[in-house]
Amino acid sequence: MKVLAWVADGQVRLQRAVDALPPHAVTEPSALPGWTRGHLLTHLARNADALVNLLTWARTGIPTPMYASPDQRATDIQAGAARSLTEQRADVRESAERFRQAAGAMSDDDWSATVTSGTGRQIPASEVPWLRAREVWIHLVDLRVGVGMDVLPPDFAWALVGDVAGWMTERLQPGTGVELNADGHGTVALGAGPVGATVAGPPHALAAWLTGRGTAADLRVTGELPHLPNWL
């Protein structure tokens, strides 16, 4: 499964970045409003465990939601944010290994089982690795460790463009229509209206603009761009 390779590659880069941080860096701001790097690292670890729950659900047939309650996610992040960098490093590494082992235990039939995501969507378990890949790569950028969206594998960045564009299409103003052209990859629609603008460039630059991790300055734009809703 190609997406599992994206997860593994992203995790290696993430762990390398975390291992290079000085001890005090864990209390410094991340790129996410109100979150330190400690909040973000804790979130990454707990997200891995939450997605292990979904894989366990798919494999055993026993409903195992990502979080025990709607408040658990926020509570766990807040509780873990102030830990030392040594603890954070170990948690990120060990939770990633739990996810890797859980994915490795899945059969072909397990991947087709239906589980419920954290947003309440019914999804096939085969979508779970994609959810993890998004978290690892996007939040690697959000850690503010000198890594930009240009490190995203081009195929992953293009898949991300399609994913985010689909999500945003349901939330844009009616009549909005933008054609997104990724160099060497293809075209995807943003919005369901007639095309009023085009945006072209490398997949990582399109992904950066759509996800709020960059601007349209690095893209080739014709027409007026819509206001984009916040994503992740």
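What covers the buried residues of α8? Keep that in mind as you click around; the tour comes back to it. One thing before you start: this is a predicted model.

**Stop 1: the sheet**

Select the strands β3, β4, β5 and β6. They form an open sheet of four strands in the order β4-β3-β5-β6, and the pairing is mixed. At the edges you'll find β4 (186-190) and β6 (220-223), each pairing on one side only. Turn the view to look along the sheet: from one strand to the next, the twist averages 15°.

Now go through the pairs. Strand β3 (residues 178-182) runs antiparallel to β4, and five bridges join them. For a spot to zoom in on, pick Glu 179, whose bridge partner in β4 is Ala 189. On to β3 and β5, which pair in the parallel sense, again over five bridges. Here, select Asn 181 and look for Ala 200 of β5 standing opposite. Stay on Ala 200, because the next pair can be seen from there too: its bridge partner in β6 is Arg 220. β5 and β6 run antiparallel and are joined by four bridges.

While β5 is still highlighted, check its surroundings: this strand is mostly covered, with four of its five residues buried.

**Stop 2: helices on the sheet**

Add helix α7, residues 154-169. You'll see α7 lying across β3 and β4, at about 20° to β4. Then add helix α8, residues 203-211, which packs on the sheet and touches β3, β4 and β5 (197-201). The direction of α8 makes about 140° with that of β3.

Back to the opening question. The cover over the buried residues of α8 includes α6 (128-142), α7, β3, β4 and β5. Eight of the nine residues of α8 are buried, so this helix is largely enclosed by the rest of the structure. To colour the buried ones, choose Pro 203, Ala 205, Leu 206, Ala 207, Ala 208, Trp 209, Leu 210 and Thr 211. Step just past the end of α8 and you reach Gly 212, with a positive phi of about 80°.

**Stop 3: two loop residues**

Which loop holds Asp 183? Look between β3 and β4. Asp 183 has 35% relative accessibility, so it counts as partly exposed. Leaving aside residues up to four places away in sequence, Asp 183 touches Gly 201, Pro 202, Pro 203 and Arg 220. For a sense of distance, draw a line from Asp 183 to Ile 77: C-alpha to C-alpha they are 38 Å apart in space, and in sequence they are 106 residues apart.

Next, jump to the loop between α6 and α7 and find Arg 144. Arg 144 has a positive phi of about 60°, although it is not a glycine.

**Stop 4: the largest pocket**

Finish by showing the surface. The largest pocket has a volume of about 920 Å³. To centre the view, select Gly 118, Thr 119, Arg 134, Glu 135 and Leu 232, which lie nearest its centre among the 30 lining residues.

Which helix gives the largest share of the lining? That's α6, with five residues. Helices α2 (37-60), α6 and α7 each supply at least two residues. Try colouring the lining by class: you should get 13 nonpolar, nine polar and eight charged residues.

Terms used:
Residues are numbered from 1 along each chain as its sequence is written. This is a predicted model: local features need pLDDT of at least 70, side-chain atom pairs count only at pLDDT 80 or more; totals for chains, interfaces and linings use all residues. Side-chain values use heavy atoms; hydrogens and water are left out. Two strands pair if DSSP finds at least two bridges between them. Axes are lines fitted to C-alpha atoms, for helices over the stretch in contact, and angles run from 0 to 180 degrees between N-to-C directions. Contact means heavy atoms within 4.5 Å. Buried means under 20% relative accessible area, exposed over 50%, partly exposed in between (1.4 Å probe, protein chains only). On a 1 Å grid over the protein atoms alone, a cavity is a set of points where a 1.4 Å probe fits but cannot get out, and a pocket is an open set with protein on both sides within 12 Å along at least five of seven lines; lining residues have an atom within 4 Å of a point. Grid points are joined across faces, edges and corners, and a volume is the space filled by probe spheres set on the points. Ala, Val, Leu, Ile, Met, Phe, Trp, Tyr, Cys and Pro count as nonpolar, Asp, Glu, Lys and Arg as charged, and the others, Gly among them, as polar.
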